[in-house]
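Colleague: Hey, could you walk me through this one? I'm new to it and don't know where to start.
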Amino acid sequence: MDSRTAKEVIGVIRSERQRRYDRLKDEDPEAARDQWLDIDEPFINEMCLMVLVALHHQVERELVFLAARANAGPTIIRQQYLKSVQDRRKQLRSKGGTSRLIVTLKLKSFTEWEKSMKTLQLLANCFKHEPHQEPDETLLKHLNLPSVDQLRKQTPRIEDYMPLPESSYFRKGLAESVNLPKDADYCAIAEKFTDLANQFVEDVQKNTSLARVTGRAKLSLGC
């Protein structure tokens with residue numbers, strides 16, 4: 001999901017968020033509150049988290065495309081480029097593949113690589129693989145949020161972390177990590193990450209020696 005598509009999807013989610021919120025205005029206040037906190041808001045938050053997962057994978061794809069052209073001379077013919085993309089993709093999935101990508105594109109020289117882009121990676125992994133979708137210790141440590149044990153010892157007592165779409169405490173920490181107000185909703189958070197990811201990829205592209213791809217792509221006709 002590229003940044004333009006991500007922004008359009010976030011716009012649709014934001015409109016749905018407002019529609020659901022407006023629908024509750026004439027309801028009993030207590031029932032409306034329960035509906036919003038238990039059903040509507042978690043649904044909207046989960047949609048935004050899915051955008052962030054897709055955004056992380058888009059960043060990975062863009063970096064693979066750039067690595068396939070990096071330090072390859074002034075030009076590279078299209079067939080060589082396509083093979084290089086496949087090789088880089090396989091390399092990324094192998095042990096130590098990310099480290100080689102980091103070296104090729106000098107990713108550690110970009111501030112956001114260890115900040116927002118790392119957050120995207122850990123968030124995507126947690127959202128996809130944690131059985132209960134609760135923030136894991138690696139993600140909490142990266143965001144400088146208290147661990148589950150530390151949270152339980154805080155006074156006044158704060159409840160344990162809830163699943164990512166439901167945890168307001170985690171959402172506040174995630175918002176602060178990208179310099180947004182604590183009360184920023186997931187639509188605003190997803191939009192900010194989209195801007196950061198787009199700028200990050202642009203910065204890598206501008207600061208990397210990239211070969212120009214020459215030649216036409218061969219059309220493959222099949223049944």
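Modeller: Let's start with a definition: two rings of Phe, Tyr or Trp count as a pair if their centres lie within 6.5 Å, with planes under 30 degrees apart called stacked and over 60 called edge-to-face. Also keep in mind that this is a predicted model.

Colleague: OK, how many aromatic pairs does a search of the whole structure find?
Modeller: Three. In one of them, the ring centres of Phe 110 and Phe 200 are 6.1 Å apart and the planes sit at 85 degrees, so that pair is edge-to-face.

Colleague: Where in the chain are Phe 110 and Phe 200?
Modeller: Phe 110 is in the loop between α4 (97–105) and α5 (111–114), while Phe 200 belongs to helix α10. They are 90 residues apart, so the pair links distant parts of the chain.

Colleague: And are those two buried or exposed?
Modeller: Both Phe 110 and Phe 200 are buried. For Phe 200 the relative accessible area is 3%.

Colleague: What about Trp 113 and Phe 200, stacked or edge-to-face?
Modeller: Trp 113 and Phe 200 are stacked, at 5.9 Å centre to centre with 20 degrees between the planes. This pair also links distant parts of the chain, with Trp 113 in helix α5 and Phe 200 in helix α10, 87 residues apart. Trp 113 counts as buried because its relative accessibility is 15%, and the cut-off for buried is under 20%. Put together, Phe 110, Trp 113 and Phe 200 make one aromatic cluster.

Colleague: Let's move to the nonpolar core. How many residues does the largest one have?
Modeller: It has 58 residues. Leu 63, Leu 105, Leu 107, Phe 170 and Phe 200 are the ones with the most contacts inside it. In soluble globular proteins, nonpolar side chains tend to be buried together.

Colleague: Which elements give two or more residues to that core?
Modeller: Those are α1, α2, α3 (78–93), α4, α6 (116–129), α7, α9 (168–177) and α10. The largest share comes from α2, with 13 residues.

Colleague: Pick one of those core residues. What does Leu 107 touch, not counting residues up to four places away in sequence?
Modeller: Leu 107 touches Leu 63, Leu 101, Ile 102, Trp 113, Phe 200 and Val 204. You'll recognise Trp 113 and Phe 200 from the aromatic cluster.

Colleague: Changing topic: how many salt bridges does a search of the whole structure find?
Modeller: It finds 10. Side chains of opposite charge can pair when their charged atoms come close. One of the salt bridges joins Asp 40 and Arg 20, whose closest N and O atoms are 2.7 Å apart. Asp 40 lies in helix α2 (residues 29–69) and Arg 20 in helix α1, so this pair ties together parts that are 20 residues apart in sequence.

Colleague: Is Asp 40 buried or exposed?
Modeller: Asp 40 is buried, at a relative accessible area of 0%. Arg 20 is buried too, at 14%.

Colleague: Which residue does Arg 19 form a salt bridge with?
Modeller: Arg 19 pairs with Glu 16, and their closest N and O atoms are 2.8 Å apart. The two are separated by about one helical turn because they are three residues apart in helix α1 (residues 3–23). Arg 19 is partly exposed at 43% relative accessibility, and Glu 16 is partly exposed at 23%.

Colleague: And Lys 25, what's its partner?
Modeller: Lys 25 forms a salt bridge with Asp 22, the closest N and O atoms being 3.2 Å apart. Lys 25 is exposed, with 58% relative accessibility, whereas Asp 22 is partly exposed, at 34%. As for networks, salt bridges with shared partners join Glu 16, Arg 19, Arg 20, Arg 23 and Asp 40 into one.

Colleague: Quick detour: where is Ser 147?
Modeller: Ser 147 is in the loop between α7 (137–142) and α8. Ser 147 counts as buried, at 16% relative accessibility. Leaving out residues up to four places away in sequence, Ser 147 touches Glu 137, Leu 140 and Tyr 161.

Colleague: Last thing, confidence. Where is it lowest and where is it highest among the helices you'd point to?
Modeller: In the chain, confidence is lowest in helix α8 (residues 148–153), at a mean of 76, and highest in helix α10 (residues 186–206), at 96. The chain's mean pLDDT is 89, and 94% of its residues reach 70 or more.

Colleague: Where does pLDDT stay under 50?
Modeller: Over residues 219–223, and the model has zero contacts for them beyond four places in sequence. Where pLDDT is low, the predicted coordinates should not be read in detail.

Notes:
Residues are numbered from 1 along each chain as its sequence is written. This is a predicted model: local features need pLDDT of at least 70, side-chain atom pairs count only at pLDDT 80 or more; totals for chains, interfaces and linings use all residues. Side-chain values use heavy atoms; hydrogens and water are left out. A salt bridge is a side-chain nitrogen of Lys or Arg within 4 Å of a carboxyl oxygen of Asp or Glu. Helices (H or I, at least four residues) and strands (E, at least two) are DSSP runs, numbered from the N terminus. Buried means under 20% relative accessible area, exposed over 50%, partly exposed in between (1.4 Å probe, protein chains only). pLDDT is the predictor's confidence in each residue, from 0 to 100. Contact means heavy atoms within 4.5 Å. Rings of Phe, Tyr and Trp (its six-membered ring) pair if their centres lie within 6.5 Å; planes under 30 degrees apart count as stacked, over 60 as edge-to-face and the rest as tilted. A nonpolar core is a set of buried Ala, Val, Leu, Ile, Met, Phe, Trp, Tyr and Cys residues joined through side-chain atoms within 4.5 Å.
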